Each structure stands twice: as C-alpha cells, then as structure tokens.
Amino acid sequence: MSSDAVEALKEEIWRRAREKADKILRDADEEAKRIVEEAREKVERELKSRIEPERIILRRRLLGKAMMDGRRMVLLAKNEVIEKAFNKALEKLKQLPQTNPSEYEKFLEKVLRKAVEEFSAMGESNLIIYANERDLGVLKKLVDSLSNSSVSFSFEKADLIGGIIVSDRDGRVIFNSSLEGRLNSLRSILRDQVASILFKEVEAS
Amino acid sequence: MSLTALLLEEKKAMLYVEEARKKAQEKVQKARKEAEQIIARFDEDEKIKEILREYEEEVRAEAEKIFSQYRKRAEKVKSIPESVIEEASEFIVREVLTYEL
C-alpha cells in the first residue's frame, strides 16, 4: 500500500469520526434544549391551570362591580331628574287656578261629577266634600248646577293644593281627587312615560 | 507497518467519538439538572400572587374605563336642558288633570 493510499484512508477514518462526533453533540444539544424547554412548559402549564379560574373570578368581580356601580349612578341621576320634573309639575298645579282658571274649573267639575256618579252608584246620598278655602265657593256653585238632586252635600275646608276629596257621612268610602292625591297616585304610572320624554336624547346617543 | 498505523488511527478516532459521546451525556445530564432546578425554583404561590397582582391592575384599569363611561352618561342625564324638564312637567300636569283613575 502506497503512503498516499494510507494517508487517504487515515483522512477517511477521521472524516467519519468527526462527522459521527458532531452528530452526537448536535443531538445532545437538541436533547438538552428539549429537556429544559419541557420543564419550562410544565411550569407554565401548572401555573396556567391554577391561575385561570382565579383570573376569571377576579375579572367578573371587578368588572361586575364597575358595571353595577355605574348603572346605579345613572339610575340615581335619572331619579333626580324625574323627581325634578314631578316637583315642577306640583308647582304648576299649585299655580293652576291662577294661571289657567278655566281649565282648573273644568277639572273640578269633572272630578265632582265623577265622585257623585260613583257614590250614587253605591247608593250614598249624603256626601262631604273636602276642598281648600279658595275652591269651596266654586264647588258650591258647581254642586247647585248638578242635576242629581237626590244627593245632599256638606263642605269641609281642607289643607289641599287643589281638587277635592269626597267621602260618605261615615268616612268609610273616600274618593280622593285632590291634585296632590292624583299626582301621587299617578307617580308610578307615569314614571316610564316621563322618563322617555326626559331621556329620549340621552338614550338615542 | 501501514496497517498497524491505520489500526492505531482507527483506535484514536474511536476514542475521539467516545469523547464526544461523553460530552454529549454531560450536556444532557446538565440539562436534566437545569430542568429539575426550574421546577424546584418555581414557587407556585408567590408566582401566582405576582401574576394575579399584575392582572388585577390590568382589570382595574378596564373597570375604571367602564365606570367612567357610566359617569359620562350620568353627567349627560343631569345636564338635561330645562326645556325638556318643562315638557315633562307639562305632560304630568296634563295627566293629573285628565287621567281616568
């Protein structure tokens, strides 16, 4: 065997050895990387499985509270404005006999007729009409104009802003058509409609 | 003579590969230790508290945004013009006078 051939064989032996050694080290690097990576992933997984439910609870609690507090704040603001509208209405009702006497008188006549009709239907013929001092005179005249002569009336002064309260002699049945009584009775009935007048633009935006 | 030299070279090469194998085992061994340390170092409770603290700050900021939207809405409600309140009060007066109770 020539010395060139021997050298060539030696080189081939070393080429193969280096190739093999490099592969062994490359594989080891990859394996080492994988082992460390898996450990990190395991830690992350365990962390996530413990944290996720707590995150959900925390999120629900904090956002839920913000929404609840916010809604309550808007509701209180709305109530305040609605109350303002009702108070303003009460002031207008107090002034009505002066600002629109004819309309007020029509109202008195209407509620008086209604009260008389209802009491007559129950067979009551002796009625007491409660009203403020200002309205008693008007009411006495209105009573005279009622065609139902079978009913007798007596009048009592009451601390009302307007309208009438009618009762039978014993005070067992009461027909409350005072302005403040009607306003209070209608408060809950009108609330939604009043709100829709007040907040139509807020709701639209 | 040349054959002996070749056999010797072959043996050296095998030792070389063997050396690489040892190094490889050491690397894997080192990685295993590192992995064990990663798992052992991981103080679960403390880490969870820390992550939740960070998350809470994030959610609080989100909650504040939501609340401030409601605040704006409430301010808008409170600043409803007098003319609209007037309109509503007129409606109430009309109903008080005409509603069939």
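**Exercise 1. Determine how many salt bridges the structure holds over all chains, and examine one within helix α1 of chain A.**

Solution. Over all chains, the structure holds 33 salt bridges, a salt bridge being a side-chain nitrogen of Lys or Arg within 4 Å of a carboxyl oxygen of Asp or Glu. The structure is a predicted model, in which local features need pLDDT of at least 70 and side-chain atom pairs count only at pLDDT 80 or more, while totals for chains, interfaces and linings use all residues. Residues are numbered from 1 along each chain as its sequence is written, chains are lettered from A and ligands numbered from 1 in the order in which they are written, and side-chain values use heavy atoms, with hydrogens and water left out.

One of the salt bridges joins the side chains of Arg34(A) and Glu31(A), at 2.9 Å from N to O. Both residues belong to helix α1 of chain A, where they stand three residues apart, about one turn of the helix. Helices here are DSSP runs (H or I, at least four residues; strands are E, at least two), numbered from the N terminus.

**Exercise 2. Describe the interface between chain A and chain B: its area, its polar links and the make-up of the side of chain A.**

Solution. Step one is the extent. The size of an interface is often given as the accessible area lost when the parts come together. Chain A and chain B bury about 6,700 Å² between them, where buried area is the accessible area (1.4 Å probe) that two parts lose on being put together, summed over both. Carbon and sulfur atoms account for 74% of this area. Chain A brings 71 residues to the contact and chain B 61 residues, with contact meaning heavy atoms within 4.5 Å.

Step two concerns the polar links. Eleven salt bridges run between chain A and chain B. A salt bridge also pairs the side chains of Asp29(A) and Lys27(B), at 2.6 Å from N to O. The two chains have 14 residue pairs in polar contact, both residues at pLDDT 80 or more. A polar contact is a pair of N or O atoms within 3.5 Å; within protein, one must be able to donate a hydrogen and the other to accept it, and residues adjacent in sequence count only if both atoms are side-chain atoms.

Step three assigns the side of chain A that touches chain B to its elements. At least two residues each come from α1 (3–99), α2 (101–121) and α4 (179–204) of chain A. The largest share, 50 residues, is supplied by α1(A). By class, this side has 42 nonpolar, four polar and 25 charged residues; Ala, Val, Leu, Ile, Met, Phe, Trp, Tyr, Cys and Pro count as nonpolar, Asp, Glu, Lys and Arg as charged, and the others, Gly among them, as polar.

**Exercise 3. Locate the two domains of chain A and characterise how they meet.**

Solution. Chain A is assigned domain 1 (1–99) and domain 2 (100–204), with bounds from an automatic or database domain assignment. Their centres, taken over C-alpha atoms, are separated by 67 Å. The contact draws 14 residues from domain 1 and 16 residues from domain 2 of chain A.

The area buried between these domains is about 1,600 Å², 72% of it from carbon and sulfur atoms. On the side of domain 1 of chain A, Ile82(A), Phe86(A) and Pro97(A) lose the most area to domain 2, together 38% of what that side buries. One salt bridge is counted between the two domains.
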